[in-house]
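Reader: Could you take me through one part of this model up close? I'd like a single connected walk rather than a list.

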Amino acid sequence: MQHIDYTKMEKELQEKLIKYNSVTKVVKGGKNNRWTAIVVAGNNDGYVGVGSGKAIEISEAHRKASESAKKHLMFVPRKGTTIPHRIIGEFGSGKVLIMPARPGTGVIAGGAIRPVLELAGIKDVRAKNLGSNNVGNVLNATLDALSKLKDAETVAKNRGKTVEEILE
């Protein structure tokens, strides 16, 4: 995966808070309370990233998660308003099936999958969570699936053929 300089597109990046959670650690002197946050960032034009952060205050955890999401941006190949082909992504016990759809279908996806697809700029797609409901596993499985996507130009270049030969 190539490194993407997000500072050039920072103004057009949008963020969505997926989940925040209170975490307590019991120590000798009492309890240490912390907050974790998971954020998705994307520019609605093919770039999307997910990040998490942990801090004493919710706002600081959100900021850290936001920075992490921006640092982990990846490009998602698209074919018009949908994805080029059907794909399955896996992470841990999380498994996600993402399928292309006709124009006008919209984003048919639930849970943590929907914001990732929306912020990646995919308008028409169907997705199904097949494994764990754990937000972290579902998000990572979704990113795994999106990272496996290849458009016809990339496949043709790798095989040393023309796009027409690949699409036959």
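Which strands does helix α3 lie across, and at about what angle does it run to β5?

Author: Sure, and bear in mind that this is a predicted model. Helix α3, residues 135–148, lies across β5, β6 and β8, and it runs at about 135 degrees to β5.

Let's start with the sheet under discussion. It's an open one with four strands, ordered β5-β6-β8-β7, and the pairing is mixed. The edges belong to β5 (87–91) and β7 (107–108); each has a single partner strand, so one side of each is left without a neighbour in the sheet. For β7, two bridges join it to β8 (residues 125–129), and those two strands run parallel. If you want a spot to click on, valine 107 has valine 125 in β8 as its bridge partner.

Now back to the helix. Its length checks out: with 14 residues at 1.5 Å a residue, α3 should span 20 Å, and its end C-alpha atoms are 20 Å apart, which agrees. At the N-terminal end, asparagine 134 acts as the cap, with a side-chain oxygen 2.9 Å from the backbone nitrogen of glycine 136.

What about burial along α3? The buried residues are Asn137, Val138, Leu139, Ala141, Thr142, Leu143, Ala145 and Leu146. When you look at that list, keep the helix repeat in mind: an α-helix has 3.6 residues a turn, so residues three or four places apart point the same way.

While you have the model open, there's another asparagine to look at, away from this helix. Asparagine 43 sits in the loop between β2 (30–42) and β3 (47–55). With 10% relative accessibility, asparagine 43 counts as buried because the cut-off is under 20%. Its side chain has a polar atom 2.9 Å from the backbone nitrogen of aspartate 45, and a polar atom of that side chain also lies 3.1 Å from the backbone nitrogen of tyrosine 47. Setting aside neighbours within four places in sequence, asparagine 43 is in contact with Met9, Glu12, Leu13 and Leu119.

One last loop: histidine 72 lies between α1 (58–71) and β4 (74–75). At 44% relative accessibility, histidine 72 counts as partly exposed. A polar atom of its side chain lies 2.7 Å from the backbone oxygen of serine 68. Outside the four places either way in sequence, histidine 72 is in contact with Val48, Gly49 and Val50. Valine 50 is 22 residues from histidine 72 along the chain, and their C-alpha atoms are separated by 6.6 Å.

Key
Residues are numbered from 1 along each chain as its sequence is written. This is a predicted model: local features need pLDDT of at least 70, side-chain atom pairs count only at pLDDT 80 or more; totals for chains, interfaces and linings use all residues. Side-chain values use heavy atoms; hydrogens and water are left out. Two strands pair if DSSP finds at least two bridges between them. Contact means heavy atoms within 4.5 Å. Axes are lines fitted to C-alpha atoms, for helices over the stretch in contact, and angles run from 0 to 180 degrees between N-to-C directions. The expected span of a helix is 1.5 Å times one less than its number of residues. Buried means under 20% relative accessible area, exposed over 50%, partly exposed in between (1.4 Å probe, protein chains only). A polar contact is a pair of N or O atoms within 3.5 Å; within protein, one must be able to donate a hydrogen and the other to accept it, and residues adjacent in sequence count only if both atoms are side-chain atoms.
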